[in-house]
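Please read this briefing alongside the sequence and the three-dimensional view. It is intended for a reader who has not met this structure before.

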Amino acid sequence: MTTAVETRHPVDQRLPAGRLAVLGLQHVLVMYAGCVAVPLIVGGALKLDGGTIAILVNADLFVAGIVTVIQSLGIGRILGVRLPVVAGATFTALTPMILIGATYGMPAVYGAILASGVFGLLIAKPFAKIIHLFPPLVTGTVITVIGLSLIDAGAGLIAGNDDTAPGYGQLSHLALAGAIILLIVLINRFAGGFLASLSVLIGLLAGIAAAALMGLVDFAGVGDAAWFGLAKPFYFGAPEFQAAAIVSMCIVMLVIYVESTADMIAVGEAVGKRPSENDIARGLAADGLSGILAGTFNSFLDTAFAQNVGLVQVTRVRSRFVVTAAGAILILLGLIPKLGSVIAAIPGPVIGAAALVMFATVTAVGIRSLRKVAFEGTNNLLIVAVSLGLGMIPVVAPNFYARMPDELQIIFGSSITTTVIVVFLLNLLFNGVGGHAAEPAAEAADDAPPVGTEEADAGSTGVEKGGVEGAGVEGAVGGEAVGGEADAEGAGVREADEPAKPV
């Protein structure tokens, strides 16, 4: 006799509470380092005090948890893809946020984020219909520049941002960062499966321990922090709406939508339930909602985290309620200010070393996406060259646009927004609205690995649907590790009654 439970798709099956908690925690551990890196880097770059950075960390986890729950459970026909998708703060918004904050202040940052959230909600449905306008040529170029533009921030955390300061580039700081990077490399080389996916988090924990022995860790503010509390809405005051800042952040939202679409398609194939156009639109709308929540609670724009897509591929646990549990855990962590204070106390060289690995891997992911592009007999090489050249100007020559009005500096002073504008327009110019800058047929057949193989890792899911290469920026964190062999020893925690077979 067939019961209703037995006929449910594995994505919709509810697991026992204990197993949900363990599997949900596993998802949180995989994405945690990448998620908290964003507030730490923004806070450090804008010279915010430790207490303020702690507030950003808690808000970041809180909003990420809410969006994760919405993505997994859904809200009517409006929000949520209803797949095991974990949301977290995106690296894509880092440079624009820092630039806006340095020019206009934090109220303008959150005003722009709020506006981009409204923009995201409005365009979610139409965007799901035009995703073909963002082929691997566009996404690969943008992701490459995102990684390259952020390496400077990672190096600044390690050595310092003022090269005239007496403590700039201390050998002890460089040695500490080098040891952390080496540890991350060794874990990925000699460990496998789930443990390797935690390499960045393990590197952070080991780095904190070493930094404490070196006297670099100051937990003085932790004792004053409360055990429970919610960040005050609009902590920095009433949001301010600067036109240039809003334009810049709306462009970031478009990039986020491309990332999330690729990751939703990837997780859909991993669990055997490919999302429809309406599903994707609801998932994108949840990302848009993250902008409204972030602008209210002092957090950051969220996107689907690709390393968690890789974890789904490795463990073969397909229930979306596992991710609901992960979201609940993130919400609880966001309600513990003392935890935010501990994270805010992480020394610059420690978070900088982990960030350097993550950001450099973002660049590699972008390059990997570009392998799908046909360069022979096309103008695609010129498109990439011009886009990279113009996009990197703000990084290598920060004062290049100094004589421009502030409004234009916010847009063109960001390597990410510049690259998006240039590569998108050049692709339309040379390849047309219907041009996908497609890969050669033979090469595509050889290079595209099936989901669940070693090559279909979290950093590059090997999915190319509707013109989107599955190479989300956030997949860079532990990407290669998560995509390892899904064997019994290295796969982490599996659902007990779910067979370990390709999905």
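The points below cover confidence, salt bridges, a surface patch, backbone angles and one buried residue.

This is a predicted model. Its average pLDDT is 78, and 81% of the residues score at least 70. A search of the whole structure finds three salt bridges, and a nonpolar surface patch of about 420 Å² is also present.

**Confidence**

- Residues 1-5 have a pLDDT under 50, and the model gives this stretch three contacts beyond four places in sequence.
- Residues 441-467 also have a pLDDT below 50, and the model shows 73 contacts for this stretch beyond near neighbours in sequence.
- Where pLDDT is low, the predicted coordinates should not be read in detail.

**Salt bridges**

- Side chains of opposite charge can pair when their charged atoms come close.
- Lys125 forms a salt bridge with Glu277, and their closest N and O atoms are 3.9 Å apart. Lys125 belongs to helix 4 (residues 106-129) and Glu277 to helix 10, so this pair ties together parts that are 152 residues apart in sequence.
- Glu277 forms a salt bridge with Lys129 as well, with the closest N and O atoms 2.7 Å apart. Because Glu277 lies in helix 10 and Lys129 in helix 4, this pair ties together parts that are 148 residues apart in sequence.
- Lys125, Lys129 and Glu277 are thus linked in a network of salt bridges.
- Within this network, Lys125 is partly exposed, with a relative accessible area of 33%, and Glu277 is partly exposed at 35% relative accessibility.
- A salt bridge also joins Arg282 to Asp279, where the closest N and O atoms are 2.5 Å apart. These two residues are three residues apart in helix 10, so about one helical turn separates them. Both Arg282 and Asp279 are buried.

**Nonpolar surface patch**

- The patch is made by Leu382, Val386, Leu390, Leu429 and Phe430.
- Helix 15 (380-396) and helix 17 (415-431) are the elements that give two or more residues to the patch. Helix 15 provides the largest share, three residues.
- Leu382 is located in helix 15 and counts as partly exposed because its relative accessibility is 45%.

**Positive phi angles**

- Most residues other than glycine have a negative phi.
- Arg82 is not a glycine, yet has a positive phi of about 60°. Its place is in the loop between helix 2 (50-73) and strand 1 (87-89). At 22% relative accessibility, Arg82 is partly exposed.
- Asn298, which is not a glycine either, has a positive phi of about 65°. The loop between helix 10 (277-297) and strand 2 (302-304) holds Asn298. With 1% relative accessibility, Asn298 counts as buried.

**Surroundings of Thr324**

- Thr324 is part of helix 12 (residues 320-334). Its relative accessibility is 15%, so Thr324 counts as buried.
- A polar contact of 2.7 Å connects the side chain of Thr324 with the side chain of Ser72.
- Apart from neighbours within four places in sequence, Thr324 is in contact with Val69, Ser72 and Leu73.

Terms used. Residues numbered from 1 in each chain as written. Predicted model: local features only at pLDDT ≥ 70, side-chain atom pairs only at ≥ 80, totals over all residues. Heavy atoms only, no water. Helix = DSSP H or I, 4+ residues; strand = E, 2+ residues; numbered from the N terminus. Buried < 20%, exposed > 50% of the residue type's maximum accessible area, 1.4 Å probe, protein only. Polar contact = N/O pair within 3.5 Å; in protein donor to acceptor, adjacent residues only side chain to side chain. Contact = heavy atoms within 4.5 Å. Patch = residues over 30% accessible without salt bridge, like charges linked within 9 Å, V, L, I, M, F, W, Y side chains within 5 Å. Areas by Shrake-Rupley, 256 points an atom, 1.4 Å probe, with all protein chains shown as cover. Salt bridge = Lys/Arg side-chain N within 4 Å of Asp/Glu carboxyl O. pLDDT = per-residue confidence, 0-100.
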